[in-house]
Amino acid sequence: MASIADRLKALGVSVGTTSLPTSQRVKPTPIQDVVDGETWQTDFGEAFVVDRTYALDYQHGQGPLRFPPGLDKVAAWARDARLAGIEPGGFLFLDTETTGLASGSGTFAFLVGAGRFEEGGFRQVQFFLRDPAEEPAMLAALESFAAPCDALVTFNGKSFDIPLLTARYLTNAAPAPFSDMPHLDLLHLARRLWRERLPSRTLGDLERDILGIERGSEDIPGYLIPQMYMDYLHTEDARPMAGIFYHNEVDVLSMASLLEHMALMLEAPLDGGAGHHAELYAIGRLFADLGFADEAIEVFRSTMAQELPADTQYQLVENLACLHRRRGEYEQALELWEAAASDGHVYAHVEIAKYYEHKVGEYGRALEYTRTALKIVKKKQTPRFERLHWEPLLEHRQQRLERRLENRAD
């Protein structure tokens with residue numbers, strides 16, 4: 001009796017594995033064949049690095065790479081006066097590419113881009129893990145490059161890059177070199193400056209919309225990078241790493257350009273540092289929060305001269321009047337409140353009522369503005385949340401003022 005194998009052969013079916021196609025293994029391509037790198041010798045072995053310097057006239061976006069002439073306002077925003085006194089070469093610009101976005105022990109940085117200003121230009125060194133076993137050597141090489149620096153500049157580094165690197169140093173039984181450095185995280189300042197102008201403040205958005213930087217086609221989207229590195233470890237084909245090196249390179253360069261742009265905006269907002277009304281308004285608010293009242297008033301006044309959306313104009317007048325009130329400049333504040341009151345803004349009526357009640361003692365005038373505000377609030381077109389907020393407050397103020405007038409009459 002024929003076996004099953006014989007029957008299958010008679011039907012033309014191949015039996016066994018000899019006829020199966022062999023898998024085509026990708027030919028290993030070492031990283032040194034992909035990027036122009038070298039090895040640095042450390043106490044823990046070799047670290048692979050790409051070391052390049054950009055000349056002082058190197059164009060990145062709308063201008064050359066330069067360190068800003070002053071960081072006084074940036075330091076005030078960061079609440080760290082040390083930043084204003086550090087020389088340009090003392091700032092370390094740092095960005096990482098990692099195996100994931102989680103902060104657990106299984107996540108590590110396989111590429112670290114670090115840059116600093118030197119006499120000949122902007123020097124950038126990228127530290128790459130050809131194999132995870134080289135991590136101690138890579139961390140040691142990074143520490144040696146960072147040794148002359150006194151401050152950090154990152155983009156979202158406070159939340160991600162620096163905690164991750166600190167954890168990796170501790171995992172390798174080494175002290176973290178960045179723990180005591182003043183740290184300027186540009187993401188948080190970017191949110192203050194462009195929250196009203198841009199719907200998103202990622203570094204890529206700021207490059208395109210603020211700095212005028214267009215990335216090349218070789219750039220790799222950030223979300224693809226972790227898996228691409230894991231594929232590299234599996235295949236030993238480093239060719240896809242070229243795009244990741246480019247992505248990291250541009251990130252570091254853009255942070256240097258962004259710091260200069262931000263510093264110029266804050267140091268000279270009315271001399272071309274800021275042009276868009278949303279930027280000027282944001283700077284004015286920032287100055288007011290930091291206690292730079294004179295500068296804030298100057299910026300607000302200049303912004304009012306521009307053609308503004310109604311909501312921005314309303315908020316601007318409110319902020320400017322509040323600054324004058326804090327400084328005891330009630331004449332200037334009253335002028336702004338009266339203009340806003342004529343446009344039907346309830347808050348302006350309330351502020352004028354407060355002024356006449358508490359500063360001048362003219363209860364009758366205060367009551368007039370309170371009653372007018374109540375009429376506005378009770379109109380049908382007034383949003384419900386505004387009515388719920390203002391109506392009880394105004395009714396309470398009206399009753400108090402009426403009692404005061406009655407007592408005065410007695």
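**Notebook: sheet, helices and two single residues**

I started at one end of the sheet: strand 8 (residues 151-154) and strand 9 run parallel and are joined by three bridges. Strands count as paired if DSSP finds at least two bridges between them. Helices (H or I, at least four residues) and strands (E, at least two) are DSSP runs, numbered from the N terminus. Leucine 152 sits opposite histidine 183 in strand 9.

Before going on, I noted that this is a predicted model, where local features need pLDDT of at least 70 and side-chain atom pairs count only at pLDDT 80 or more, while totals for chains, interfaces and linings use all residues. Residues are numbered from 1 along each chain as its sequence is written, and side-chain values use heavy atoms, with hydrogens and water left out.

Next I traced the whole sheet. It is open, has seven strands in the order 1-2-7-6-5-8-9, and its pairing is mixed. Strand 1 (38-42) and strand 9 (183-185) are at the edges with a single partner strand each, so one side of each has no neighbour in the sheet. On average, neighbouring strands are turned by 30 degrees against each other, direction ignored.

Then I looked at what lies on the sheet. Helix 3 (residues 135-146) lies across several strands, among them strand 6 (109-118), to which it runs at about 15 degrees. Helix 8 (residues 241-267) packs on the sheet too, and its direction makes about 150 degrees with that of strand 5. Angles run from 0 to 180 degrees between N-to-C directions, and axes are lines fitted to C-alpha atoms, for helices over the stretch in contact.

I picked serine 257 in helix 8. Buried or exposed, serine 257? Serine 257 is buried, at 8% relative accessible area (buried is under 20%, exposed over 50%, partly exposed in between; 1.4 Å probe, protein chains only). Leaving aside neighbours within four places in sequence, serine 257 contacts His60, Leu65 and Leu211, contact meaning heavy atoms within 4.5 Å.

For another residue I took proline 163, in helix 4 (residues 157-171). Proline 163 is partly exposed, with 38% relative accessibility. Not counting residues up to four places away in sequence, proline 163 touches Gly157 and Lys158.

Last, I checked a helix pair. The axes of helix 12 (residues 310-326) and helix 13 (residues 330-342) come within 8 Å and cross at roughly 155 degrees. That makes the two roughly antiparallel (over 145 degrees; under 35 is roughly parallel, 65 to 115 roughly perpendicular, the rest oblique). Residues that meet there include Leu320 in helix 12 and Trp337 in helix 13.
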